[in-house]
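Here are some exercises to work through with the model open beside you. Try each task before reading its solution.

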Amino acid sequence: MSGNYSYVYPHPAVTTDVVVFTVIDERLQLLLIRRSGEPFRGCWALPGGFLDIDEDLDACAARELAEETGVTGVYLEQLYSFGRPDRDPRERIISVAYYALVPANRIQVGAASDAAEAAWFPIANLPELAFDHGEIIAMAHQRLVAKLDYSTIAFQLLAETFTLGELQQVYETLIDAELDKRNFRKWALALEQIEETGELRRRGSHRPARVYRLRERDRLHYLK
């Protein structure tokens, strides 16, 4: 960028924060980092950081997520902008929040950059959080559950191959309720978003189940 500019109004700083969801041990969990610097040194927080002056918002979210946790190549969607004047003690900072969904078996988490540690936490049992990140997480969770009714967003939590039972378990985890097996399978197959691999998978003493894969893993489909 070139040129020098002078404005009447002071400029707030801009950050991105990312809420990363996965399912581990049949529980919805999210990824947090332990802050190594002030403010809130030692507290758990969402991965994120400051937007570079010549950087796109989506690129900033992906970069900060990779730098602080090692997580790359995940589905990212912009959630909301948080701009309460007192949300950050350092200065006037507006955060553009994102949320991401990733299968647990696709990533290996490792702290980097200004994060002292990175770890998964059940959403029902989160530690004390820095800034207004509890508010951001609550909104991301609400958005995720709401989109189940009209999109294939939950499919982003699936491994490369899966059974219909595993797909149903993802939905039951997200809504925290049991679903009728026959009706769910009929609904899932009618979407025409999955295809058989020709393989069978046995779980415990149950009969082998057909194995499926997504037709378009990197694309989110809207159903209504």
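A residue counts as buried when its relative accessible area is under 20%, and as exposed when that area is over 50%. Keep in mind that this is a predicted model.

**Exercise 1. Get an overview of the fold.**
Task: Find how many helices and strands the protein has, and in what pattern they follow.

Solution:
- Begin by counting: there are 4 helices and 9 strands.
- Next, walk along the sequence, and you will read β-β-β-β-α-β-β-β-α-α-α-β-β.
- For the dimensions, the C-alpha atoms fill a box of roughly 70 × 35 × 25 Å along the principal axes.
- Then look at burial: 42% of the 224 residues count as buried.
- Finish with the contacts between residues at least 6 apart in sequence, 66% of which join residues at least 24 apart.

**Exercise 2. Place strand E2.**
Task: Decide whether strand E2 is largely enclosed or open, and list strands that pair with it.

Solution:
- Apply the cut-off to E2, residues 27–35: 7 of its 9 residues are buried, so the strand is largely enclosed by the rest of the structure.
- Turn to E1 (residues 13–24), which runs antiparallel to E2 and is joined to it by 4 bridges. Across this pair, Phe 21 faces Leu 30 of E2.
- Look at the hairpin linking E1 and E2: 2 residues lie between the strands, and Asp 25 has a positive phi near 55°.
- Move on to E7 (residues 115–122), an antiparallel partner of E2 over 7 bridges. Here Arg 34 stands opposite Glu 117.
- Add E3 (residues 44–45), also antiparallel to E2, with 2 bridges. Ile 33 has Ala 45 of E3 as its bridge partner.

**Exercise 3. Explore the nonpolar cores.**
Task: Which residues have the most contacts inside the largest nonpolar core, and which helix gives the most to this core?

Solution:
- Start from a general expectation: in soluble globular proteins, nonpolar side chains tend to be buried together.
- In this model, the largest nonpolar core holds 40 residues, and Val 19, Phe 21 and Leu 167 have the most contacts inside it.
- Helix H3 (residues 164–175) is the top contributor to this core, with 5 residues.
- Another core, of 18 residues, lies apart from it and includes Val 18, Ala 61, Val 96 and Ala 118.
- Now zoom in on Val 19: leaving aside residues up to four places away in sequence, its contacts include Leu 30, Leu 46, Tyr 98 and Ile 136.

**Exercise 4. Examine the backbone in the loops.**
Task: Locate Phe 131 and Asp 176, and work out for each one whether it is buried or exposed.

Solution:
- Recall the background: most residues other than glycine have a negative phi, and most peptide bonds are trans.
- Phe 131 sits in the loop between E7 and helix H2 (133–147), with a positive phi near 55°. Its relative accessibility is 18%, so Phe 131 counts as buried.
- Asp 176 belongs to the loop between H3 and helix H4 (181–190), and its phi is also positive, about 55°. With a relative accessible area of 71%, Asp 176 is exposed.
- As an extra, inspect the peptide bond from Glu 38 to Pro 39, which is cis with omega near -5°. You will find Pro 39 in the loop between E2 and E3.

**Exercise 5. Survey the surface and charges.**
Task: What area does the protein expose, and how far apart are the centres of its positive and negative side chains?

Solution:
- The protein exposes about 12,600 Å², with carbon and sulfur atoms supplying 47% of it.
- It carries 26 positive and 34 negative side chains, and the centres of the two sets are 9 Å apart.

Conventions
Residues are numbered from 1 along each chain as its sequence is written. This is a predicted model: local features need pLDDT of at least 70, side-chain atom pairs count only at pLDDT 80 or more; totals for chains, interfaces and linings use all residues. Side-chain values use heavy atoms; hydrogens and water are left out. A nonpolar core is a set of buried Ala, Val, Leu, Ile, Met, Phe, Trp, Tyr and Cys residues joined through side-chain atoms within 4.5 Å. Buried means under 20% relative accessible area, exposed over 50%, partly exposed in between (1.4 Å probe, protein chains only). Contact means heavy atoms within 4.5 Å. Accessible areas come from the Shrake-Rupley method with a 1.4 Å probe; for residues, only the protein chains shown count as cover. Lys and Arg count as positive and Asp and Glu as negative; His and the chain ends are not counted. The place of a charge is taken as NZ of Lys, CZ of Arg, CG of Asp or CD of Glu. Two strands pair if DSSP finds at least two bridges between them.
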